[in-house]
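Student: I have a model open and would like to learn how to read it. Could you walk me through a few features?

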Amino acid sequence: MQIPFVNLKAQYETLKDEVAEAIRGILDSARFIGGDAVALFEKDFAAYCQVRYARGVANGTDALHLALRALGIGHGDEVITTANTFIATAAAIVATGARPVFVDIDPDTHTIDPTMIERALTSHTRAIIPVHIFGQPAEMDAIKEIARRRAIYVIEDAAQAHGAEYQGVRTGALGDIACFSFYPAKNLGCYGDGGAITTNTSAIAERIARLRDHGRTTHYTHAEIGFNSRLDALQAAVLRVKLRRLDDWNASRRRAAQWYAAELAQSGIKTPFVRQGSAHVYHLYVIETDKRDSMQSKLEEAGVETGIHYPLPLHLQPAFHYLGYKRGDLPCCEATAARLLSLPMFPELGRDQVRRIGTVARAVTEQGVHKELVIQTNSRAPVRADGAEVWR
Ligand SMILES: Cc1ncc(COP(=O)(O)O)c(C=O)c1O
């Protein structure tokens with residue numbers, strides 16, 4: 001049985017006709033940039049995120065870059081973020097001329113640790129970018145409280161968390177601006193590159209709309225130097241079709257996560273920990289094990305594709321050497337990077353497939369002293385014997 005890491009074909013099969021019709025509508029209209037398709041998707045996506053404004057952009061990296069620029073962040077400024085994220089989060093900070101400041105993560109949720117944010121604040125700090133990593137919102141109350149006290153901005157990196165919730169509030173509505181990616185494999189993905197920002201502030205929405213379109217105020221009047229970073233109409237039309245199914249897909253991901261938790265209970269493998277009051281959308285299903293490399297090999301031999309998110313934390317990436325970080329600076333990030341393993345996760349994943357993955361994973365842990373080690377190193381993140389999600 002071959003089990004892919006994600007299966008975009010299976011999803012496409014379920015919406016082929018609707019997508020074809022939506023695409024045909026755009027081709028017939030010959031309106032490929034902007035137009036109704038983009039405006040309607042922006043309206044739908046804002047409503048979904050429970051905010052006043054959404055603005056489509058070319059991809060998630062640009063969403064972050066333009067969000068920072070819209071807030072006037074640039075040279076001489078510092079922006080605090082996590083080192084356990086995709087490089088785009090920090091690359092967007094660098095693109096503005098600002099300096100990324102990396103802080104450590106919470107060992108249970110792998111999201112940014114608010115106590116570490118406090119220590120990293122300086123007089124140059126202008127914003128915090130918490131990343132809702134793997135599909136779980138960061139600890140937003142604590143982060144927003146720090147931002148409020150210091151009068152700095154909070155920009156959500158929600159690229160992996162469409163539809164996730166924190167204390168009943170959806171991602172996209174948890175900070176001053178939120179940034180989404182619609183890369184095909186995301187929970188809400190298009191058929192190419194795409195992204196969006198959401199906000200409740202009209203001035204920010206207007207500035208993003210200008211920055212994404214060459215700083216235009218009229219067709220040939222440019223109030224500032226902007227960028228070409230528009231969401232195209234074909235992608236917007238596809239996204240509108242897919243948005244209607246997002247909640248069902250997220251529910252299927254949660255169901256698969258429960259199956260995994262049941263399979264891996266009492267195996268010594270640390271399964272995802274869900275913070276109380278949070279709704280995780282499992283963009284990735286990330287386990288922790290001391291036997292990561294052998295487990296990945298065994299799963300590969302068994303035809304199961306896996307991933308590692310992320311093998312090298314950002315503060316240790318060659319591209320950020322100039323920032324002066326060294327190994328040991330962010331111990332939790334560094335320790336978990338060697339233990340994380342992402343198992344297949346997509347809405348169409350079946351019970352039998354999860355059973356098979358569980359059998360192979362358990363066989364690896366049952367081969368030695370692994371259980372004991374894991375229990376000692378993970379005392380803050382117990383897994384309930386029945387495999388149910390653990391709430392803190
Ligand atoms: C956490 C995070 N931030 C930002 C991005 C960038 O999004 P995009 O690939 O659409 O530019 C991604 C996408 O992979 C991501 O996972």
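Tutor: Happily! Let's start with the ligand: a polar side-chain atom of Thr61 lies 2.5 Å from one of its oxygen atoms. Keep in mind that this is a predicted model.

Student: Which polar backbone atom is 2.8 Å from an oxygen atom of the ligand?

Tutor: That one belongs to Gly60. The ligand also has a nitrogen atom, and an N or O atom in the side chain of Asp157 sits 2.8 Å from this nitrogen.

Student: How much of the ligand does the protein bury?

Tutor: Taken alone, the ligand exposes 390 Å², and the protein buries 91% of that. There are 14 residues around the ligand, and those that come nearest are Gly60, Thr61, Asp157, Ser181 and Lys186.

Student: Now a single residue. Is Gln160 buried or exposed?

Tutor: For this we look at relative accessible area, and buried means under 20%. Gln160 has 5%, so Gln160 counts as buried. Its place in the chain is the loop between strand E5 (153-157) and strand E6 (165-166).

Student: Which residues does Gln160 touch?

Tutor: Leaving out residues up to four places away in sequence, its contacts include His132, Phe134, Lys186, Asn187, His283 and Tyr310. Lys186 also appears among the residues that come nearest to the ligand.

Student: And which residues make the nonpolar surface patch?

Tutor: Leu27, Phe32 and Ile33 make that patch, which covers about 270 Å². Leu27 is found in helix H1 (residues 8-29). With a relative accessible area of 48%, Leu27 is partly exposed.

Definitions and conventions:
Residues numbered from 1 in each chain as written. Predicted model: local features only at pLDDT ≥ 70, side-chain atom pairs only at ≥ 80, totals over all residues. Heavy atoms only, no water. Helix = DSSP H or I, 4+ residues; strand = E, 2+ residues; numbered from the N terminus. Buried < 20%, exposed > 50% of the residue type's maximum accessible area, 1.4 Å probe, protein only. Contact = heavy atoms within 4.5 Å. Patch = residues over 30% accessible without salt bridge, like charges linked within 9 Å, V, L, I, M, F, W, Y side chains within 5 Å. Areas by Shrake-Rupley, 256 points an atom, 1.4 Å probe, with all protein chains shown as cover. Salt bridge = Lys/Arg side-chain N within 4 Å of Asp/Glu carboxyl O. Near = heavy atom within 4 Å. Polar contact = N/O pair within 3.5 Å; in protein donor to acceptor, adjacent residues only side chain to side chain.
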